[in-house]
Structure formats: C-alpha cells, structure tokens
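This report takes up a few local features of one protein chain, and it is meant to be read with the structure at hand. It asks where selected residues sit, how some strands are paired, how the aromatic rings are arranged and what enclosed space a search brings to light.

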Amino acid sequence: MYSTYIFPKKQVSLQDYYNEVRFTEDEINKILEEVKPLPFQVAETVDNDENKSTNKNIRSSQIKWIPKTNNWRCLYQRLMECALIANEKWDFDLQSIIEEIQYTEYNASEEGHYDWHTDSGPTLQEHRKLTFVVGLSDPDDYEGGDLEFMVGRKTDIAKKERGVVVAFPSFIEHRVTPVTAGVRYSAVGWASGPSFR
C-alpha cells in the first residue's frame, strides 16, 4: 500500500510549479521490481495530425506502459492523490488518470533525451491537464537527464531527487536533457479532465 502525504500549502509564483510530494524508498523499489516483467517499447512522438514516429533526434528512450489492473491499483490511487494535492496551485477540473502510467528509461548509451514538447494539444492529448513525473533514480547514478521547463523566456530545472513527484500543467513546454552517464528511470502520468475552454 502506498502511503499518503500532506502537501504543504504556500504562495506560489509562475516559476514555482513543481511540488514536493514524495514516494518512500520502499514504494520506489516496489515499482522498479514490479515493472520488470512488462514489455519495453521504443518511445514515439506524435505530431498535430496524430502521426506517430520514432525520431531519435527528438526522443530517445524506452518505455513500458503500466496497466490499470488490480496489481497496480494502489499506484494509480497514490498518483491521483498527488495530482489532486498539487492541483491546489491551479484548480483545474481533474477527474481521473484515464491513460496508462508510463515507465521510462533514458540510457546514456542511447543518448537518452526528450526535446522540448508539451503533453497536451488539439489531438488525443487534449484532455491532459496535469503532468506528474516521479523520479525513480538516485541522482548519483546518472549524469545529465535534467527535467527542464520553459515558462515565458525563462528555463527552470526540476529538483533531481529520488522519489520526488514533480507536477506541472501539461501545456507547459518541458524537456529531458541528454543523459551522459548511467540511466535515468522515471514514471510519468497525466491527470485528465474536460477540455480547457
């Protein structure tokens, strides 16, 4: 069972969009162990016409989709709790995590990265409102692999800490810089709701 944490309420600015809800070491190890038998896929990108491609200049990583089964129910519930707590900053109309959670590996041997992009838009992702990323790697185990955000003309870097859940509006531009040593592991999901008006 995943434990519940209270997110501290505080005044936030446009640049202060990530939260510090965290997973315990036991929770992280449980995810990493239970994800092992799931099949890998090469990560794809989707353009505005919903065409999929595997352009490694844009995105180089391997992913696994975590199924919405009883075995993973606690993880989905835990992450939805995190999304609702983080959403106190934005007050979006969130309903659920309707897509499968994505486990991702960025490997230095593959120059793992994901160039600037958003997670929402006028295609299938229009229902995504809040993106959350769980850091599953010890930051001492890899180099590079920074999760960066673009707000206006300013670039900000998320905390690189194992177990921290980083949440942000899915329409914010973000990227993962190239991993230059080791492997970066993460879990990514999207809390959804009615389309923005």
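I63 has a relative accessibility of 3% and therefore counts as buried, the limit for that class being under 20%. The model is a predicted one, and in it I63 belongs to strand β5, which covers residues 62-66. Along the chain I63 and Y185 are 122 residues apart, yet the distance between their C-alpha atoms is 9.8 Å.

M150 offers a second case of this kind. This residue is part of strand β10, and with a relative accessibility of 24% M150 is classed as partly exposed, because buried would require a value under 20%. The C-alpha atom of M150 is separated by 6.8 Å from that of I172, a residue 22 positions away along the chain.

**Strand pairing**

Strand β10 is also a member of an open sheet of five strands, whose order is β4-β7-β13-β10-β11 and whose pairing is antiparallel. The edges of this sheet are formed by β4 (59-60) and β11 (154-157), each of which has a pairing partner on one side only. At the β4 edge, two bridges link β4 in the antiparallel sense to strand β7, made up of residues 113-117, and R59 has Y114 of β7 as its bridge partner. At the other edge, β10 and β11 run antiparallel and are joined by four bridges, with E148 standing opposite I157 of β11. The two strands β10 and β11 make a hairpin with two residues between them, and in its turn G152 adopts a positive phi of about 65°.

A further set of pairings centres on β8. Strand β8 is joined to β14 by seven bridges, the two running antiparallel, and R128 stands opposite S192 of β14. Strand β8 is also antiparallel to β12, with five bridges between them, and here F132 faces A167 of β12. Eight of the eight residues of β8 are buried, so this strand is largely enclosed by the rest of the structure.

**Aromatic rings and charges**

A pair of aromatic rings is described by how far apart the centres lie and by the angle between the planes. Four aromatic pairs are found when the whole structure is searched, and two of them are set out in the table.

| Ring pair | Distance of centres | Angle of planes | Class |
|---|---|---|---|
| W90 and F92 | 6.1 Å | 15° | stacked |
| F149 and F168 | 4.7 Å | 70° | edge-to-face |

The F149 and F168 pair ties together parts of the chain that are 19 residues apart in sequence, because F149 lies in strand β10 (residues 147-151) and F168 in strand β12 (residues 165-169). F149 is buried, its relative accessible area being 0%, and F168 is likewise buried, with a value of 0%. As for the stacked pair, W90 is partly exposed at 23% relative accessibility, whereas F92, at 15%, counts as buried. W90 and F92 are also joined with F171 in one aromatic cluster.

Two rings carry a positioned side-chain charge over their face. The charged end of K64 is placed over the ring of F40, at 4.3 Å from its centre, while R78 lies over the face of F23, at 4.4 Å from the ring centre.

**An enclosed cavity**

How many cavities of 30 Å³ or more does a search of the whole structure find? The search finds one, and the space in this largest cavity comes to about 180 Å³. The lining consists of 21 residues, of which Y142, K159, K160, E161 and R184 are the closest to the cavity centre. By residue class, the lining divides into eleven nonpolar, four polar and six charged residues. Strands β8 (128-135) and β14 (179-192) each contribute at least two residues to the lining, and these two strands are the ones joined antiparallel by seven bridges.

Technical notes. Residues numbered from 1 in each chain as written. Predicted model: local features only at pLDDT ≥ 70, side-chain atom pairs only at ≥ 80, totals over all residues. Heavy atoms only, no water. Pairing = 2+ DSSP bridges. Phe/Tyr/Trp six-rings, centres within 6.5 Å; stacked < 30°, edge-to-face > 60°. Buried < 20%, exposed > 50% of the residue type's maximum accessible area, 1.4 Å probe, protein only. Lys NZ or Arg CZ within 6 Å of the ring centre and 35° of its normal. 1 Å grid on protein atoms, 1.4 Å probe; cavity = no way out; pocket = protein on both sides within 12 Å on 5 of 7 lines; lining within 4 Å. Points joined across faces, edges and corners; volume = space filled by probe spheres on them. Nonpolar A, V, L, I, M, F, W, Y, C, P; charged D, E, K, R; others polar.
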